Amino acid sequence: MIGRRSVLVVACGAVLAAPTVAYAQDASTSPTSSPAPPPMQYPFVAVSPAKSKAGEDVLVSVGCPVADLGEVKSMVLDRVGKFEVTSENPVIQGAVAHIDDKARPGFYAVTAVCKTKTVTINLEVAAVAPPSSSSKPPQPSASTGKPAPPGSSAAPVRPGVGRQVSKIPVGAPQTGGGPFSF
C-alpha cells in the first residue's frame with residue numbers, strides 16, 4: 001500500500017512540474033528587443049499647450065511633407081507664423097500662432113490641409129480669472145470691540161448666542177445598549 005502511494009505522489013509531482021519546466025524554457029527564449037512603437041497617424045496637427053488663454057502664443061505642429069502643406073487656420077487664431085521643419089523623419093513642421101486677445105473660453109477647431117487631406121484638432125481656450133480689485137488686504141470693520149453705550153441703537157453682543165447646547169460635552173459619546181451590555 002505504501003508503495004502505491006509513493007508512486008502516486010511521484011506521478012502527481014511529475015505532472016505538476018512539467019508545465020513549470022515548460023514555462024521556464026519559454027521564459028528563457030523571450031525576445032531581447034523591445035516591440036516597435038505603433039505607427040504614427042500621418043498627416044496630423046497638434047497644438048501645444050492644448051489649453052491656453054486668450055492673448056497667449058501656442059505652437060502649431062503639422063506632420064506633413066513640406067510641399068504638401070496647405071492652409072492652417074482656426075477662428076480663434078489671429079496670427080499664424082511661418083512654418084519651419086522641426087523634424088526630418090517623419091517631417092514635422094511647426095509655427096507659433098497667437099490666440100486672439102478677445103477669444104471667449106471654449107473649444108476651437110484648428111485645421112491643417114496636407115495635399116488633399118484635412119486634419120483637425122481642438123484647442124481649448126481657458127477662462128481668465130478676473131483681476132482682484134486691489135492687492136491690499138481687506139480693511140477691518142469699524143467696530144472697536146467695546147460694548148455700545150447704554151441707549152444706543154446697536155444691539156449688545158452676548159457671548160454664546162447661537163449655540164445649540166448650553167454645555168459642550170467632554171469625552172467619548174455614550175451610546176449604550178446593544179447585545180453585549182449587561
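**A walk through the sheet, the disulfide and the core**

Strands E8 and E9 pair in the antiparallel sense, with nine bridges between them. In this predicted model, that pairing is a convenient place to start. One of the bridges sets Ala 112 against Val 119 in E9. The two strands form a hairpin with two residues between them, and Lys 115 in this hairpin takes a positive phi near 60 degrees. Lys 115 is a residue other than glycine, and its phi is nevertheless positive. Its place is the loop between E8 and E9. Lys 115 counts as exposed because its relative accessibility is 61%, and the cut-off for that class is over 50%.

The hairpin belongs to a wider arrangement. Four strands make up an open sheet of mixed pairing, ordered E2-E9-E8-E4. Its edge strands are E2 (51-53) and E4, each of which pairs on one side only. On average, neighbouring strands of the sheet are turned by 30 degrees against each other when direction is ignored. Strands of a sheet pair through backbone hydrogen bonds, either parallel or antiparallel.

Both senses can be followed from one edge to the other. At the E2 edge, E2 and E9 are parallel and share three bridges; here Ser 52 stands opposite Val 125 in E9. At the E4 edge, E4 and E8 run antiparallel and are joined by three bridges. Leu 69 faces Cys 114 of E8.

Cys 114 leads on to the disulfide. It sits in strand E8, which covers residues 106-114. The structure holds one disulfide, and this links Cys 64 to Cys 114 with an S to S distance of 2.0 Å. The link is right-handed, with 90 degrees about the S-S bond. Cys 64 lies in the loop between E3 and E4 while Cys 114 lies in strand E8, so the disulfide ties together parts that are 50 residues apart in sequence.

How buried or exposed are the two cysteines? Both Cys 64 and Cys 114 are buried. For Cys 114 the relative accessible area is 8%, so it falls in the buried class, whose limit is under 20%. Setting aside neighbours within four places in sequence, Cys 114 is in contact with Pro 43, Cys 64, Pro 65 and Asp 68. The C-alpha atoms of Cys 114 and Pro 65 are 7.8 Å apart, although 49 residues separate the two along the chain.

The next topic is the nonpolar core. In soluble globular proteins, nonpolar side chains tend to be buried together. The largest nonpolar core here has 22 residues, and those that touch the most other members are Val 60, Val 62, Val 72, Val 76, Leu 77 and Ile 99. Strands E1 (44-48), E3, E4 (69-73), E7 (92-99), E8 and E9 (117-126) each give two or more residues to this core. E8 provides the largest share, four residues. Leu 77 illustrates how such a residue is surrounded: beyond its neighbours within four places in sequence, Leu 77 is in contact with Val 58, Val 60, Ala 97, His 98, Ile 99, Val 110 and Leu 123.

Strand E3 (residues 57-63) also holds Ser 61. This serine counts as buried because its relative accessibility is 16%. Apart from neighbours within four places in sequence, Ser 61 is in contact with Phe 44, Val 45, Ala 46, Ile 92, Gln 93 and Gly 94.

Phe 44 appears again in a ring pair. A pair of aromatic rings is described by the distance of the centres and the angle of the planes. A search of the whole structure finds one aromatic pair. It is formed by Tyr 42 and Phe 44 in an edge-to-face arrangement, 6.5 Å centre to centre with 65 degrees between the planes. Phe 44 counts as buried because its relative accessible area is 19%, whereas Tyr 42 is partly exposed because its value is 33%.

Two backbone details remain. Where are the cis peptide bonds from Ser 48 to Pro 49 and from Asn 89 to Pro 90? Pro 49 is in the loop between E1 and E2, and the bond from Ser 48 has omega near -5 degrees. Pro 90 is in the loop between strand E6 (84-87) and E7, and the bond from Asn 89 likewise has omega near -5 degrees.

Technical notes: Residues are numbered from 1 along each chain as its sequence is written. This is a predicted model: local features need pLDDT of at least 70, side-chain atom pairs count only at pLDDT 80 or more; totals for chains, interfaces and linings use all residues. Side-chain values use heavy atoms; hydrogens and water are left out. Buried means under 20% relative accessible area, exposed over 50%, partly exposed in between (1.4 Å probe, protein chains only). Contact means heavy atoms within 4.5 Å. Rings of Phe, Tyr and Trp (its six-membered ring) pair if their centres lie within 6.5 Å; planes under 30 degrees apart count as stacked, over 60 as edge-to-face and the rest as tilted. A nonpolar core is a set of buried Ala, Val, Leu, Ile, Met, Phe, Trp, Tyr and Cys residues joined through side-chain atoms within 4.5 Å. Two strands pair if DSSP finds at least two bridges between them. Axes are lines fitted to C-alpha atoms, for helices over the stretch in contact, and angles run from 0 to 180 degrees between N-to-C directions. A disulfide is a pair of cysteine sulfur atoms within 2.5 Å.
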